[in-house]
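This report looks at the packing of the interior and at the pockets of one protein chain. The sequence and structure come next.

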Amino acid sequence: MPVILWMKLFISAVGFAMCFSSLVLAIEKPNVILVMADDLGYQDLGCYDHPEIKTPVLDKLAAGGVRFTDFHSGATVCTPSRMALLTGAYPTKLGWTQGVVGYKMGKHDGMSGRALTIAEIFKSEGYATGMSGKWHIGDQPNTDPNAQGFDSFYGLLMSNNQTKELLRDGKVIENPFENRLLTEKFTTEAIRFVRKNKENPFFLYIPHTAPHFPVEPHPDWKGKSSFGKYGDVVEEIDARMGELLGELKKLGLEKKTIVVFCSDNGPNPREKANCLPYRGEKWSALEGGTRVPCIISWPDKLAAGKTYAGLTSAMDLLPTLSEACGIDWRKKSKGQPKIDGLSIWQSLHGKADHPRNELLLWHGMEAEPQSNRVGEWKLFFDRRHALEGLGARRKTKQQAEKIMPYIDGLKKDQPNPPILFNVAKDPGETTDLNEKFPDKVKGLTERADQLMKQMRSHGILPLSVPGK
């Protein structure tokens, strides 16, 4: 073969190799770290205007990324909120009927083993998948973390007030564990996972047990916060986030990693926590029970210091993070319950309008919608849910004065029509606009009925628990 032809072939091969190498670099998969606090209220971080709790690490994360102001948990209590987060679907499709595993639900009930999780999606794309923290959505062989897409699992299968067993991949390694040390242990394990997988793309899920009750500060943080032991525990979470982010920077992974921080639902009624200016708590679909802090950061890829006001659900994280990592979640989810989450990745970059305008909100005690949110409007189908019970307690004096006439009316056996709020103008949900906007009430009621019919037509997966 002539020398010139050999040279041309060599040059072509080198050129192809360079182009292929450039293509690989261009589509390098980012890592994802999804951190979720437990029962953290909307206002419980410095960047969400808490007057006393100091969270400099998360404040800096928000300043370098996107801070959400209308982000909602997948449900108002632990088990269904985690189902929604991990699957991108309303929890009623996945086996949830009421309450949480071990309370109202059976101790061994949980999410259907047939559900497709975000961990399974990322694992199918070559990601190493790890979890360090609280699971609380099933403890059977086909519903535990290892069966639901996680290569490694370190943590609790139940809530920290329901079990004393700390496990690693199904085996008990501590019994009892020390509750006050869990945030430290989960962080140490998370850092170990990052170090082990630093050369490959990874998806890491860190669902902390804190500040869920019992609230017990770590010895190194006890008495440090001016907001009592609750503040101590939240400030430790912040510091542990600093350790994790510092490790990313040390390993050169800071700009290769998407970091998400959020809460699973609003604050527990008996804890010293804040969700102002909103009213309501855990278990209730009032804004304080479902609207939670959320921060997303990816240095140089997402705008720094952005406040995002679009109505967003935890269900939206699965499609959003998938799109950010170049994964087609739609193909992965064929044959599974339709994903209710919507990707906001393009709208975060200002390349598209925000896609979500409506969201069904759930009472923690029942798998029927308690409320329907459409834009700035919110309709409670039974006004007793909006006025009585746990959610009515977390309110300012001014809020209490406004809602007392409605509560007094109920006590006098008055009719119980729906109650309508405009949450943009009335964030405390104190002024009933039912009579002023009857067409809006009718429209929101009909839309909620349509959404529930669609949900039932997709079918609710049966629990895949032996003996069921």
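Which element gives the most to the lining of the largest pocket? In this predicted model, that element is H13, which contributes 5 residues to the lining.

The largest pocket encloses about 460 Å³ of space, and of the 18 residues that line it, those closest to its centre are Lys-338, Ile-339, Asp-340, Gly-341 and Leu-342. Helix H9 (329-332) and helix H13 (438-458) are the elements that give two or more residues to this lining.

The second largest pocket holds about 380 Å³, and among its 14 lining residues Lys-60, Leu-61, Leu-245, Glu-254 and Pro-299 lie closest to the centre. Here two or more residues each come from helix H2 (56-63), H6 and strand E11 (257-263), with H6 supplying the largest share, 5 residues.

The composition of the two linings by class is set out below.

| Pocket | Nonpolar | Polar | Charged |
|---|---|---|---|
| Largest pocket | 6 residues | 5 residues | 7 residues |
| Second largest pocket | 6 residues | 5 residues | 3 residues |

Turning to the interior, the largest nonpolar core comprises 111 residues, and within it Phe-68 and Phe-122 have the most contacts. Helix H6 (residues 228-250) provides the largest share of this core, 7 residues. Apart from this core lies another, of 7 residues, which includes Val-374, Trp-377, Leu-433 and Leu-444. When residues up to four places away in sequence are not counted, Phe-68 touches Tyr-48, Cys-294, Ile-296, Tyr-308, Thr-312, Ile-344 and Leu-348. In soluble globular proteins, nonpolar side chains tend to be buried together.

Terms used
Residues are numbered from 1 along each chain as its sequence is written. This is a predicted model: local features need pLDDT of at least 70, side-chain atom pairs count only at pLDDT 80 or more; totals for chains, interfaces and linings use all residues. Side-chain values use heavy atoms; hydrogens and water are left out. A nonpolar core is a set of buried Ala, Val, Leu, Ile, Met, Phe, Trp, Tyr and Cys residues joined through side-chain atoms within 4.5 Å. Buried means under 20% relative accessible area, exposed over 50%, partly exposed in between (1.4 Å probe, protein chains only). Helices (H or I, at least four residues) and strands (E, at least two) are DSSP runs, numbered from the N terminus. Contact means heavy atoms within 4.5 Å. On a 1 Å grid over the protein atoms alone, a cavity is a set of points where a 1.4 Å probe fits but cannot get out, and a pocket is an open set with protein on both sides within 12 Å along at least five of seven lines; lining residues have an atom within 4 Å of a point. Grid points are joined across faces, edges and corners, and a volume is the space filled by probe spheres set on the points. Ala, Val, Leu, Ile, Met, Phe, Trp, Tyr, Cys and Pro count as nonpolar, Asp, Glu, Lys and Arg as charged, and the others, Gly among them, as polar.
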